[in-house]
Amino acid sequence: MIRTLPALLRAVGHDDTVMEAAAVATWKRVAGEGLRDHAVPFRLHRKTMVVAVADATWQKQLTSMSGQLLFRLNSLLGQPVVTHIEFRIDPTTVERERAQRRGVRRHR
């Protein structure tokens with residue numbers, strides 16, 4: 001599916017809902033298993049992706065990597081859908097995602 005995103009995005013034009021869904025799906029691919037439990041994307045607003053992190057340590061670490069993450073995101077999307085990533089400290093959202101992922105793993 002990720003390989004078809006650039007063509008899909010070009011076909012639908014600039015639809016905010018589609019762009020956000022594509023950016024979130026691509027973030028999960030870019031972040032990989034190592035970051036998925038620590039960085040949860042929850043909104044794309046005016047080309048800024050807002051990502052929840054558990055604490056200031058994760059915020060600082062990921063902010064230092066934001067250039068690499070942006071490059072990988074937009075490369076997979078085939079266009080500059082995201083121009084900035086805001087890492088917001090929100091441990092509740094991160095924990096909710098972790099719990100949801102644990103539940104999905106148990107049911108497989």
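This report describes the sheet, the helices packed on it, the salt bridges and the largest pocket of one protein structure.

The structure is a predicted model, in which local features need pLDDT of at least 70 and side-chain atom pairs count only at pLDDT 80 or more, whereas totals for chains, interfaces and linings use all residues. Residues are numbered from 1 along each chain as its sequence is written, and side-chain values use heavy atoms, with hydrogens and water left out.

**The sheet and its helices**

Helices (H or I, at least four residues) and strands (E, at least two) are taken as DSSP runs and numbered from the N terminus. Three strands form an open sheet in the order E1-E2-E3, and their pairing is mixed; two strands are said to pair if DSSP finds at least two bridges between them. Strand E1 (39-45) and strand E3 (84-89) stand at the edges with a single partner strand each, so one side of each has no neighbour in the sheet. From one strand to the next, the twist averages 25°. E1 and strand E2 (residues 48-53) run antiparallel and are joined by 6 bridges; Arg43, for example, has Val50 in E2 as its bridge partner.

Helix H2 lies across E1, E2 and E3, and runs at about 160° to E1. Helix H4 (residues 66-77) also packs on the sheet, where it touches E2 and E3, and its direction makes about 125° with that of E3. For these statements, contact means heavy atoms within 4.5 Å, while axes are lines fitted to C-alpha atoms, for helices over the stretch in contact, and angles run from 0 to 180 degrees between N-to-C directions.

**Salt bridges**

A salt bridge is a side-chain nitrogen of Lys or Arg within 4 Å of a carboxyl oxygen of Asp or Glu, and a search of the whole structure finds 3 of them.

| Acidic residue | Basic residue | Closest N to O distance |
|---|---|---|
| Glu33 | Arg36 | 2.5 Å |
| Glu86 | Arg88 | 2.9 Å |
| Glu95 | Arg98 | 3.5 Å |

Glu33 and Arg36 both lie in helix H2 (residues 16-36), 3 residues apart, which is about one turn of the helix. Glu95 and Arg98 are likewise separated by about one helical turn, because they stand 3 residues apart in helix H5 (residues 91-106).

Accessibility is described in three classes, where buried means under 20% relative accessible area, exposed over 50%, and partly exposed in between (1.4 Å probe, protein chains only). Glu33 counts as exposed at 54%, whereas its partner Arg36 is partly exposed at 24%. Glu86 is partly exposed at 29%, and Arg88 is partly exposed at 31%. Glu95, with 34%, is partly exposed.

**The largest pocket**

A pocket is an open set of points on a 1 Å grid over the protein atoms alone, where a 1.4 Å probe fits, with protein on both sides within 12 Å along at least five of seven lines; its lining residues have an atom within 4 Å of a point. Grid points are joined across faces, edges and corners, and a volume is the space filled by probe spheres set on the points. The largest pocket holds about 200 Å³ of space, and its lining includes His14, Asp16, Leu44, His45 and Pro80. H2 and E1 are the elements that give two or more residues to this lining, and H2 gives the most, with 4 residues.
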